[in-house]
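This briefing goes with the sequence and structure shown below. Please keep both at hand while reading.

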Amino acid sequence: MASSHLLSPSTFLPKTTIHRRFSENPLPKFPSLPLKLSLNHVKPLRAAISQADAAPAAQGASFKHCFSKSGDGFLYCEDVKVQDVMEAVERRPFYLYSKRQITKNVEAYKEALVGLDSVIGYAIKANNNLKILEHLRGLGCGAVLVSGNELRLALRAGFDPTKCIFNGNGKLLEDLVLAAQEGVFVNVDSEFDLDNIIKAARIAGKKVNVLLRINPDVDPQVHPYVATGNKNSKFGIRNEKLQWFLDSVKAHPDELKLVGAHCHLGSTITKVDIFRDAAVLMVNYIDIIRDQGFEVNYLNIGGGLGIDYYHTGAVLPTPRDLINTVRELVLSRNLKLIIEPGRSLIANTCCFVNRVTGVKTNGTKNFIVIDGSMAELIRPSLYGAYQHIELTSPPPSGVEISTFDVVGPVCESADFLGKDRELPTPDQGAGLVVHDAGAYCMSMASTYNLKMRPPEYWVEEDGSIKKIRHAETFQDHLRFFEGL
């Protein structure tokens, strides 16, 4: 779809631009660990990971972000006043991104990976906006796919298929055929998945480059819904079955080429030693695989790096910290490193912008009711996730600060964007934003209660505003029933 300019940079007042900057302080080096494993049993590891629902302790300098309050009390995205954007676009909830921050986040990974042969595979599931995908592709990213339609979207966005990785525990045969035809890397997740990949290779008449997704049984101690690398996860193959998969791959030389090993531990991880723990296991599996004659050159450590959703100024790991924990292991085996960032590339680049419908009190609870809801942004309802909330404009002088639940109009008690938030009592129509809404927000939006999915905009590098996704309408809904 075509993007459209809405506002020029001259529309807005000048202000000092504030951006998040990634720290360049690497973690201390870890001692070398023994590098031979038995295939029979690998004990689970536990890393000192903060709980997903616990606020990180505040440290260091004040929090810096592409969305920031200026001295005039207004919220800005880069140099653009969010209130001005609200007045210029459709009167409905919307997502607002900083294109510059997206670029900066990618550059932080690129700088961290200097000296390594690597692929930055953006996890499309985090945010599937086509314009954002085209921008990431232009910055040199590959793509990580978990469905056939994500594969089709990646191809539409122009991603190099040889820098795309098709993950998933239930990949369909027809989607695997497309992956084989296009030359996409495919992760093997189970016995039936391997069988389908072999069938797809025969149908496509092409050999498929595969990686084995080995479940390392490492506990990241995050919310159970976003933990993917422990023994009870639905993802990956059990490490004790590795030999069976190696024998099966070896039995199909015309259909399969084993090129690497893959693991994925989870999401919202805030301590990078978990990646080191997993990488130690994975390079040992690669040693075992190579000892059997396979030319394995890729190590895929997945993604999952967390961000400071609490805006406390917590010192969290940067891409450089993450890469430095595995750098020596990767170099020691002369491997190409694949990483799969999603949240850490896109979450902090966006706010979900709403208007206050009204304020009410029931019993001991105060509520700010907004026009947005769990239909547009479900993370708080689904995971109990915290996302920082603030008003876009300074409140009138003397306004009382109270404790509120911020809720939407959806007919569910679970419809909340934040609970127990200290906020000035807002006027009807005041702007209110939910921060860090770039990842797993719009991509998980629904039309529950027939709340149609919202439009998306971004602030260009020159300060102008572009629509990058049209809003859905009631007429869009009716079109599903035409001719029936």
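The points below cover the overall make-up, one strand with its partners, one helix residue, and contacts of aromatic rings.

The model is predicted. The protein comprises 12 helices and 24 strands, and 56% of its 484 residues are buried.

**Overall make-up**

- Counting contacts between residues at least 6 apart in sequence, 74% join residues at least 24 apart.
- About 20,200 Å² of the protein is exposed, and carbon and sulfur atoms supply 51% of that area.

**Strand β16 and its partners**

- Strand β16 covers residues 336-339 and runs parallel to strand β7 (residues 118-123), to which 3 bridges join it.
- Strand β15 (residues 298-300) also pairs with β16 in the parallel sense, over 3 bridges.
- L337 of β16 is the bridge partner of S118, and L337 is likewise the bridge partner of L299.

**D175 in helix α5**

- D175 is found in helix α5, which spans residues 173-182.
- With a relative accessible area of 8%, D175 falls under the 20% limit and therefore counts as buried.
- The side chains of D175 and R152 make a polar contact at 3.0 Å.
- R152 also appears among the residues in contact with D175 once neighbours within four places in sequence are left aside; the others are G148, L151 and F166.

**Aromatic pairs**

- The structure contains 5 aromatic pairs.
- In the pair W244 and F245, the ring centres are 4.9 Å apart and the planes stand at 80°; this angle is over 60 degrees, so the pair is edge-to-face.
- The residues of this pair can also be described by their exposure: W244 is partly exposed, with a relative accessible area of 38%, whereas F245 is buried, with a relative accessible area of 1%.
- The value for W244 lies between the limits of 20% and 50%, which means that W244 is neither buried nor exposed in the sense used here.

**Charges over rings**

- K81 lies over the face of F74, at 4.1 Å from the ring centre.
- R421 has its charged end over the ring of Y386, at 3.8 Å from the centre of that ring.

Conventions
Residues are numbered from 1 along each chain as its sequence is written. This is a predicted model: local features need pLDDT of at least 70, side-chain atom pairs count only at pLDDT 80 or more; totals for chains, interfaces and linings use all residues. Side-chain values use heavy atoms; hydrogens and water are left out. Rings of Phe, Tyr and Trp (its six-membered ring) pair if their centres lie within 6.5 Å; planes under 30 degrees apart count as stacked, over 60 as edge-to-face and the rest as tilted. Buried means under 20% relative accessible area, exposed over 50%, partly exposed in between (1.4 Å probe, protein chains only). A charge sits over a ring if NZ of Lys or CZ of Arg is within 6 Å of the ring centre and within 35 degrees of the ring normal. Helices (H or I, at least four residues) and strands (E, at least two) are DSSP runs, numbered from the N terminus. Contact means heavy atoms within 4.5 Å. Accessible areas come from the Shrake-Rupley method with a 1.4 Å probe; for residues, only the protein chains shown count as cover. A polar contact is a pair of N or O atoms within 3.5 Å; within protein, one must be able to donate a hydrogen and the other to accept it, and residues adjacent in sequence count only if both atoms are side-chain atoms. Two strands pair if DSSP finds at least two bridges between them.
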